[in-house]
2 protein chains.
Amino acid sequence: MTGTLTIAGLGPGAEALVTPEVSTALAQATDVVGYIPYVARVAPRPGLTLHPSDNRVELERAQHALDMACAGRQVVVVSSGDPGVFAMAAAVFEAVETGLDAWRDLDIRVLPGITAMLAAAARAGAPLGHDFCAINLSDNLKPWALIEKRLRLAADADFAMAFYNPRSRARPEGFARTLDILQDACRDDRPVIFARAVSTPDESLRVVPLAACTPDMADMRTVVLVGASTTRVIDRKGAPFVYTPRSVGA
Amino acid sequence: MTGTLTIAGLGPGAEALVTPEVSTALAQATDVVGYIPYVARVAPRPGLTLHPSDNRVELERAQHALDMACAGRQVVVVSSGDPGVFAMAAAVFEAVETGLDAWRDLDIRVLPGITAMLAAAARAGAPLGHDFCAINLSDNLKPWALIEKRLRLAADADFAMAFYNPRSRARPEGFARTLDILQDACRDDRPVIFARAVSTPDESLRVVPLAACTPDMADMRTVVLVGASTTRVIDRKGAPFVYTPRSVGA
């Protein structure tokens, strides 16, 4: 039997946000590969082997998945969110480019998912309703100076911004520097959304003016959304709505 | 009965990309409101009234939906893709902010969907695997000078870029100017992906080096993805894989 490799996005957490396309791929898989907490979201069944692995071994994980697909297995690599946004799809293609010739001609498919910034934005209103950017704040794989440059240019461009991996125990200072840069470049009342574990039982959402933001408001399960200069907060009885209008005046 | 307003993303086209959360909301709706081709994707059934409306009447459509929700209906506003990305969610909150006090206290929920850039990126590989931005190239609602400024800053930041609404009959020249700016700012071999009608029977995908791109390669059903300077093309027997590595050297 010809093997296949499918890189599937499980969405931010809730089953109701997993696309039918991904559910079908999981139902047909012989092997599921991924970071431990994501593989834990896949129900065991006869004929399916689960291969959970630790964080920070993305390339080895990708190579293992490619090997199994070459051997004729129906392999699904799972990511949370969308696999193409700061997740496993790029790692698989890095492995393909530098790996065995046979890997290039495999049937490799990427199945999109609801990425964290879209789930977070939906909960808050429509903060990404105008032009925006997405930046991974982890400096594991890029120099901090590049992150800083992108933050300043994104503020100049007046993009709304979505930050992934804002803060970890290993890098507590990066998000503090990010806030310093934004507090320097943007007005004090710019709305910032801290969206943690959206669509899971641990979900929380806070809307904080930029001047009042502190580094401890984010952790690795948080996506941070920063409004553009035009972003509005609609106060109401419940949680406020935050949205960025479609129009910008001339 | 208390009315509700749900703003739901139908994804790029295929049923297999509609989240179960959105399917459930549609199954419980009394009224579905949206642009004609999106409402046409919702199956008629007894007890459901469909309210298709023309393009460019987003604010009136939003007001109509809010009115019906205030009157106790279970209203779903449908967008293609994700409703929070260049779609109906921002229009609804604009209507809420400037409209009746009663609208603010409605039960309004946004349900995320697979936005076009994620579906297009998945088909091509992982071109958005590193930091990126999303820009609506339509200048209906913002001055062209702002689009141009954002394009130049995005190139300086070395973001991969996703362009929505690249070209329409009413604005044939905007995308030509976009290509001029990028061809001036970026290397000739930067990979550009023209992804049209992804996940529908009309789907097509082209990968073209920036220097060979021409304005007629895009229309209003196309999402255009432009790689970063680090983006790679993996040639193979079938369509090439395009991906942006996770790492950038110091």
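## Buried and exposed

A residue counts as exposed if 12 or fewer other C-beta atoms lie within 10 Å of its own, and as buried if 20 or more do. With that in hand, let's look around this structure, which is a predicted model.

## Helix H1 of chain A

Start with helix H1 of chain A, residues 20-28, where Glu21(A), Val22(A), Ala25(A) and Leu26(A) are buried. These residues lie on the same side of H1(A), because they cover an arc of only 135° around the axis. In an α-helix there are 3.6 residues a turn, so residues three or four places apart point the same way.

What lies over the buried residues of H1(A)? The cover includes four strands of chain A: S1 (4-9), S2 (31-35), S4 (74-79) and S5 (107-111). On the face of H1(A) turned away from the buried side, you will find the exposed residues Ala27(A) and Gln28(A).

## Chain A as a whole

Stepping back, chain A has 8 helices and 13 strands. Its radius of gyration is 20 Å, close to the 18 Å that the globule rule gives for 250 residues, so chain A is as compact as a globular protein of that length. Of the 250 residues in chain A, 52% are buried.

## Where the chains meet

Chain A and chain B each bring 59 residues to their contact. On the side of chain B that touches chain A, helix H4 (residues 88-98) of chain B gives the most, with 7 residues. By class, that side of chain B has 36 nonpolar, 15 charged and 8 polar residues.

Strands pair across the chains too: S7 (residues 132-136) of chain A and S7 (residues 132-136) of chain B run antiparallel, with 3 bridges. Phe132(A) has Ala134(B) in S7(B) as its bridge partner.

Definitions and conventions: Residues are numbered from 1 along each chain as its sequence is written. Chains are lettered from A and ligands numbered from 1 in the order in which they are written. This is a predicted model: local features need pLDDT of at least 70, side-chain atom pairs count only at pLDDT 80 or more; totals for chains, interfaces and linings use all residues. Helices (H or I, at least four residues) and strands (E, at least two) are DSSP runs, numbered from the N terminus. The arc is that of the directions from the helix axis to the C-beta atoms. Two residues are in contact if their C-beta atoms, placed from the backbone, lie within 7 Å. Ala, Val, Leu, Ile, Met, Phe, Trp, Tyr, Cys and Pro count as nonpolar, Asp, Glu, Lys and Arg as charged, and the others, Gly among them, as polar. Two strands pair if DSSP finds at least two bridges between them. The radius of gyration is taken over C-alpha atoms; the globule rule is 2.2 Å times the number of residues to the power 0.38.
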